[in-house]
Amino acid sequence: MSNGQQLTMPSLQGMSPSDAEQQLKGMGWNGQINEVSQPTGDSSMEDKVIGSSPSAGQKISRNQPITLYVGDYSSSPTTSTSPGGGGGGLFPPFTHNN
């Protein structure tokens with residue numbers, strides 16, 4: 001039985017956390033937001049929402065806490081540990097001495 005307390009979680013990906021919160025509040029949501037830093041290799045997602053819990057499309061209650069996963073871009077991801085650029089990097093070196 002629905003009494004208008006259920007909302008559908010929107011996709012907030014790519015938004016700043018404050019924009020995401022404004023969108024949620026604009027829908028009538030008034031719960032608490034938790035921000036969790038999530039490492040990303042995509043510099044365009046620095047300080048942007050890269051995911052949420054509950055995820056987009058799920059039903060949420062108007063006062064349900066929501067977790068936003070916010071991109072924390074690092075130019076040297078922990079998955080790549082080759083000091084000195086062992087030749088297998090994703091990006092070419094920035095300076096060339098020809």
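# Briefing: a nonpolar core against a three-stranded sheet

The largest nonpolar core here is a set of 12 residues: Leu 7, Met 9, Leu 12, Ala 20, Leu 24, Trp 29, Ile 33, Val 49, Ile 60, Ile 66, Leu 68 and Val 70. Helix α1 and strand β5 each put at least two residues into this core, and β5 is the top contributor with 3. Keep in mind as you look around that this is a predicted model.

**The chain as a whole**

- You're looking at 98 residues, and 22% of them count as buried.
- The secondary structure adds up to 1 helix and 5 strands, and reading along the sequence gives you the pattern β-α-β-β-β-β.
- Take the contacts between residues at least 6 apart in sequence: 70% of those join residues at least 24 apart.
- About 6800 Å² of the chain is exposed, with carbon and sulfur atoms supplying 48% of that area.

**The sheet and the helix on it**

- Which strands make up the open sheet, and in what order? There are 3 of them, in the order β2-β5-β3, and the pairing is mixed.
- At the edges sit β2 (33–40) and β3 (49–53), each of which pairs on one side only.
- Ignoring direction, neighbouring strands in this sheet are turned by 30° against each other on average.
- Helix α1 (residues 17–26) packs on the sheet and touches β2, β3 and β5. The direction of α1 makes about 160° with that of β5.
- On one side, β2 and β5 run parallel, joined by 8 bridges. As one place to check this, find Asn 34, whose bridge partner in β5 is Thr 67.
- On the other pairing, β3 and β5 (residues 66–73) go antiparallel over 4 bridges. Here Val 49 stands opposite Val 70 of β5, and Gly 51 has Tyr 69 of β5 as its bridge partner.
- A handy rule when you trace these strands: in a regular strand, side chains alternate between the two faces of the sheet.

**Two residues and their neighbours**

- Leu 12 belongs to the core. Leaving out residues up to four places away in sequence, Leu 12 touches Ala 20, Gln 23, Leu 24, Val 49 and Leu 68.
- Of those neighbours, Ala 20, Leu 24, Val 49 and Leu 68 are also listed in the core.
- Is Thr 40, a residue of strand β2, buried or exposed? Thr 40 counts as buried because its relative accessibility is 16%, and the cut-off for buried is under 20%.
- With residues up to four places away in sequence left out, Thr 40 touches Met 45, Gly 71, Asp 72, Tyr 73 and Ser 74.

**The salt bridge**

- How many salt bridges does a search of the whole structure find? It finds 1.
- The partners are Lys 25 and Glu 21, whose side chains meet at 3.0 Å, N to O.
- As background, side chains of opposite charge can pair when their charged atoms come close.
- Both Lys 25 and Glu 21 lie in helix α1, 4 residues apart, which is about one turn of the helix.
- Neither partner is tucked away as buried: Lys 25 is partly exposed at 45% relative accessibility, and Glu 21 is partly exposed with a relative accessible area of 29%.

**Backbone spots worth a look**

- For context, most residues other than glycine have a negative phi, and most peptide bonds are trans.
- Where does the cis peptide bond with omega near 0° run? It goes from Ser 53 to Pro 54, and Pro 54 lies in the loop between β3 and β4 (59–61).
- Asp 47 has a phi near 60°, a positive value in a residue other than glycine.
- You'll find Asp 47 in the loop between β2 and β3. Asp 47 counts as partly exposed because its relative accessible area is 47%.

Conventions: Residues numbered from 1 in each chain as written. Predicted model: local features only at pLDDT ≥ 70, side-chain atom pairs only at ≥ 80, totals over all residues. Heavy atoms only, no water. Pairing = 2+ DSSP bridges. Axes fitted to C-alpha atoms, helices over the stretch in contact; angles between N-to-C directions. Contact = heavy atoms within 4.5 Å. Buried < 20%, exposed > 50% of the residue type's maximum accessible area, 1.4 Å probe, protein only. Areas by Shrake-Rupley, 256 points an atom, 1.4 Å probe, with all protein chains shown as cover. Core = buried A, V, L, I, M, F, W, Y, C linked by side-chain atoms within 4.5 Å. Salt bridge = Lys/Arg side-chain N within 4 Å of Asp/Glu carboxyl O.
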